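Reader: Got a minute to go through this one with me? Let's pull it up first.

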Amino acid sequence: MTVIARAGLPGMVRSEWTKLRTVRSTVWSLVAMAGISLGLMSMIAWSVMRQWDSADPGTQEVLRQYPLELVIARPVYISQLVIAVLGVLVISAEYTTGMIRSTLQSQPRRLTVLAAKVGVFTALMLVVGELLSFAAFFLGRAILSPHVELSLSAPGVLRSVIGAGLFMAVLGLFSLAVGAIVRYTAGAITAVLGLILIVSNLTSLLPGSWGAHVNAWMPTNAGQLIFQPTVSADALLTPWQGLAVFAGWTALLLATASYLFKHRDA
């Protein structure tokens, strides 16, 4: 334990990486993400191509104009549920098992511990998110190629593919921050999923221009713009502005989590 404490941040990073990669929930969550991003998307795309000739012209035209809705957007919408759970578990599981006490005994500098968790999980989600995003694109393009043209050089496509990976990474950090604040796995997962699935959608019912602004600035509503190849002309945020808003919400939650992590009893 003394060795870890003296090692400081580099030692904690190695420790957190060891914990993260050896926990079964991490492995199965990443497998689920891959299954959704690649497997489910491939099955749907293959089914669509099989029924192409019998599909109505309107459906065919929509798919030609918005192929990334099938290849990138839909997989991300489902994968975000897995990412939210994994982000919460990265830290809440230690409170559930009591391991957090051992971690803080070995490294009394609490912000160093939290920084290591954030750094390791950010790196993991960035790598996994981008790999899955590009793999989904190339696999989807191969399946759709008989009837739908899809190229990285088309307007907004490369930004959408890269943006999908960035969105996953920010969502993971957002969920980690909620997990650090709430500390209880069930409560934190409920909070994150409630925001993603319910609150964000309900804000669209708010009246007037202020309601439109509230809806646009909700964390995941704003962040999802980054993997949309086209954004309507009357949208309140551009894709990169939307990602910045989502990152801002995440930074605010991480700052709150850092304060509480430092001052609350384990």
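**Confidence, a helix pair and a cavity**

Author: Sure. This is a predicted model, and the protein chain has an average pLDDT of 90, with 97% of the residues scoring at least 70.

Reader: Where does pLDDT stay under 50?

Author: Over residues 1-6, and for that stretch the model has seven contacts beyond four places in sequence. Where pLDDT is low, the predicted coordinates should not be read in detail.

Reader: OK, on to helices. At what angle do the axes of H4 and H5 cross?

Author: Roughly 100 degrees, and the axes come within 5 Å. H4 covers residues 67-97 and H5 covers residues 99-106. The crossing angle falls in the 65 to 115 range, so H4 is roughly perpendicular to H5.

Reader: Which residues meet there?

Author: From H4, Glu94, Tyr95 and Thr97; from H5, Met99, Ile100 and Thr103. The residues of that contact split into three nonpolar, two polar and one charged.

Reader: Switching topic: how many cavities of 30 Å³ or more turn up in the whole structure?

Author: One. The largest cavity has a volume of about 40 Å³.

Reader: And what lines the largest cavity?

Author: Ser37, Val71, Ile72, Pro75, Val76, Leu132, Ser133, Ala136, Ala164 and Met168. The elements giving two or more residues to that lining are H4, helix H6 (110-144) and helix H7 (157-182).

Reader: Which helix gives the most to the lining?

Author: H4, with four residues. That's the helix whose axis crosses that of H5 at roughly 100 degrees.

Reader: How does the lining divide into nonpolar, polar and charged?

Author: Eight nonpolar, two polar and no charged residues line the largest cavity. The contact of H4 with H5, on the other hand, includes one charged residue.

How values were computed:
Residues numbered from 1 in each chain as written. Predicted model: local features only at pLDDT ≥ 70, side-chain atom pairs only at ≥ 80, totals over all residues. Heavy atoms only, no water. Axes fitted to C-alpha atoms, helices over the stretch in contact; angles between N-to-C directions. Parallel < 35°, antiparallel > 145°, perpendicular 65-115°, else oblique. Contact = heavy atoms within 4.5 Å. Nonpolar A, V, L, I, M, F, W, Y, C, P; charged D, E, K, R; others polar. pLDDT = per-residue confidence, 0-100. 1 Å grid on protein atoms, 1.4 Å probe; cavity = no way out; pocket = protein on both sides within 12 Å on 5 of 7 lines; lining within 4 Å. Points joined across faces, edges and corners; volume = space filled by probe spheres on them.
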